[in-house]
Amino acid sequence: MPVEVRPDTFSMVFFDAAEVRAIVEKLVAEVGLPADLSVTIEIDETTPMGRARVTSFDPVVIKAESGALEDVKAPRKLSADGTTDVIGKLLLSVRDRRDPNFGDPPAEDDLTLQESVAWEVYCVGRLGRLGHQVQRQRRLYQFRNRHGFTDAADAAFDKLWTADQLTWADISAISQTALAALPV
Amino acid sequence: MRKAFPVEDLARDGRFVRVPLAERFDDPRTARVEQGAGKNKRGPGRLTPDRPDAPDAARALMHGIFVGEIQALEGAGRTCWDFEVGSGNGEGIAEVPFELKLDMARQCWDEARHCEISIKLSAHMGTELGEFSENTFLYEAACNPDPVLRLTGVNRALEGLAIDVFNTMREFGDIAGDPVLEFCEDWMLADEVTHVKMGSDWLRKLTANDKPRQERALEFQRVVDKLFSLGGFRGEEEDSPVRLARRFRELAGFEEAEMDTLAEIAKEAREEMEARVEANRAAVAS
């Protein structure tokens, strides 16, 4: 399975490319992506910031700032759980985009914060059911920040978190339902 | 019971991990990335809900507040115990008036309540206790052997930072529509204004006839203020995550000129941090 991690050695952080590669290879198999799909993880070790995004879907290219994969209790060291959380949710979104039944979501840069977070909740919920450690309350807080601190937002979150077979139209509608309940 | 309790012996359970400041200072990475032809720098930016990473940034800051509250409780508690009761007017610097101890006891009560509030807020935001690392420089500033310097460093510099942070978080809760966060931060902010004012009042009272001691205390405050500007994390630059809360600082006894100086100190701290990152990078490259 062609998983590549760039760079292959690090000078500013204490990351091990082989460890990242092993985590990603396991995730690619778990989320159900094709075994022959090329996946590249490009890590920007020059910044401690935590952005990570998919920049190409076939071949898959994920660009991550080093803070996204870092252990928050050990500066400059890799967190295996954090890497699984960040890369896992992105690979699930890749699987969604490659699934013709999922629909046609906007390009990454055109997603609103609300849409982006709603999709993320759907991805992380599934990642948890694959047996990985996830933080439900953290994701609920993110969702509430984008959809309001309301009962309707919490109900929408539960739908996304527990679902396995949503389409983009479903995700978008659930997000809109929560937003419609925001006090004027 | 011993006096001047060392930072290494503070009680923490296995969830808490300490990261020394030096380890942060050695980091060659920079949060400010040069981009575009104009060489604009993209930094973390002001902490507002429209930042894509805002909820997680707020969680991390809230955890920092939580460990800060624990240390503030420990520091105020030590100040109740570490000094004998006396005039505290400079004749014997290890003495403090009984009323100062009462103020510190009241502060302990506030800080203990803030710890409880912070724990509940962390749960609300999805953060586990000890999820982020702790650094102990707040408590370390509370170990100064001169009570006037201790109060100036802790109550004016550190609790002053708390005013800036709580005001930022209160505004964050307001804009995000999070009534729990906004309400809790507003109440804690009110307490912090009182704590800073205690520091301002005791500094004036205890050094009224001892200008050199007052100057030493203010110099110590400047050192702590620079350290706690965290390389520009707190400041008045456009992309400083936490801004100076000038109105609340004024209520706490800060003069306008003092706040201008603090803004300058924060700017210097940012420039020094950028220079340090460049030096760290050069060291990594060589």
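Which residues line the largest cavity? Keep that in mind as you open the viewer; the model is a predicted one, and the tour begins in chain B.

**Stop 1: the cavities**

Select Ala72(B), Gly75(B), Ala76(B), Thr79(B), Met104(B), Gln107(B), Ala142(B), Arg150(B), Leu151(B), Val154(B) and Asn155(B): these residues line the largest cavity. The space inside the largest cavity is about 50 Å³. Now colour the helices of chain B, and you will find that α2 (54-82), α3 (98-125) and α5 (147-176) each supply at least two residues of this lining. Sorted by class, the lining has six nonpolar, four polar and one charged residues.

Next, turn to the second largest cavity, with a volume of about 30 Å³. To see its lining, select Leu100(B), Pro147(B), Val148(B), Leu151(B), Thr152(B), Gly199(B), Trp202(B), Leu203(B) and Leu206(B). Two or more of these residues come from each of α5 and α6 (179-206) of chain B. Here the classes are seven nonpolar, two polar and no charged residues. Pause on Leu151(B), which appears in the lining of the largest cavity and also in that of the second largest cavity.

**Stop 2: a pocket in chain A**

Move over to chain A and select Glu42(A), Asp44(A), Lys63(A), Ala64(A) and Glu65(A), the closest to the centre of the second largest pocket among the ten residues that line it. This pocket holds about 190 Å³ of space. Show the strands, too: β2 (39-44), β3 (52-57) and β4 (60-65) of chain A each give two or more residues to the lining. What classes of residue make up this lining? Seven are charged, two are nonpolar and one is polar.

Stay with these strands for a moment and select Asp58(A) and Pro59(A), which are joined by a cis peptide bond with omega about 5°. Pro59(A) sits in the loop between β3 and β4 of chain A.

**Stop 3: two more backbone details**

Another cis peptide bond runs from Arg6(A) to Pro7(A), with omega near -5°. Look for Pro7(A) in the loop between β1 (3-6) and α1 of chain A. Then jump to Arg76(A), which has a positive phi of about 75° although it is not a glycine. Its place is in strand β6 (residues 74-78) of chain A.

**Stop 4: α1 against α3**

Select helix α1 (residues 17-31) and helix α3 (residues 80-98) of chain A, whose axes come within 9 Å and cross at roughly 40°. The two helices are therefore oblique to each other, and their crossing is right-handed. Show side chains on the α1(A) face of the contact, where you will find Glu19(A), Ile23(A), Val24(A), Leu27(A), Val28(A) and Val31(A). From α3(A), the residues to add are Ala80(A), Thr83(A), Thr84(A), Ile87(A), Gly88(A), Leu91(A), Leu92(A) and Arg95(A). Together the contact residues comprise nine nonpolar, three polar and two charged.

**Stop 5: α4 against α7**

For the last stop, select helix α4 (residues 113-129) and helix α7 (residues 168-180) of chain A, which pack at an angle of about 120° with their axes 9 Å apart. This crossing is right-handed. On α4(A), highlight Gln114(A), Glu115(A), Ala118(A), Trp119(A) and Tyr122(A). They meet Trp168(A), Ile171(A), Ser172(A), Ser175(A) and Leu179(A) in α7(A). The residues of this contact divide into six nonpolar, three polar and one charged.

Terms used:
Residues are numbered from 1 along each chain as its sequence is written. Chains are lettered from A and ligands numbered from 1 in the order in which they are written. This is a predicted model: local features need pLDDT of at least 70, side-chain atom pairs count only at pLDDT 80 or more; totals for chains, interfaces and linings use all residues. Side-chain values use heavy atoms; hydrogens and water are left out. Axes are lines fitted to C-alpha atoms, for helices over the stretch in contact, and angles run from 0 to 180 degrees between N-to-C directions. Helices (H or I, at least four residues) and strands (E, at least two) are DSSP runs, numbered from the N terminus. Angles under 35 degrees count as roughly parallel, over 145 as roughly antiparallel, 65 to 115 as roughly perpendicular and the rest as oblique. A crossing is left-handed if the near helix is turned anticlockwise from the far one by less than a right angle, and right-handed if clockwise. Contact means heavy atoms within 4.5 Å. Ala, Val, Leu, Ile, Met, Phe, Trp, Tyr, Cys and Pro count as nonpolar, Asp, Glu, Lys and Arg as charged, and the others, Gly among them, as polar. On a 1 Å grid over the protein atoms alone, a cavity is a set of points where a 1.4 Å probe fits but cannot get out, and a pocket is an open set with protein on both sides within 12 Å along at least five of seven lines; lining residues have an atom within 4 Å of a point. Grid points are joined across faces, edges and corners, and a volume is the space filled by probe spheres set on the points.
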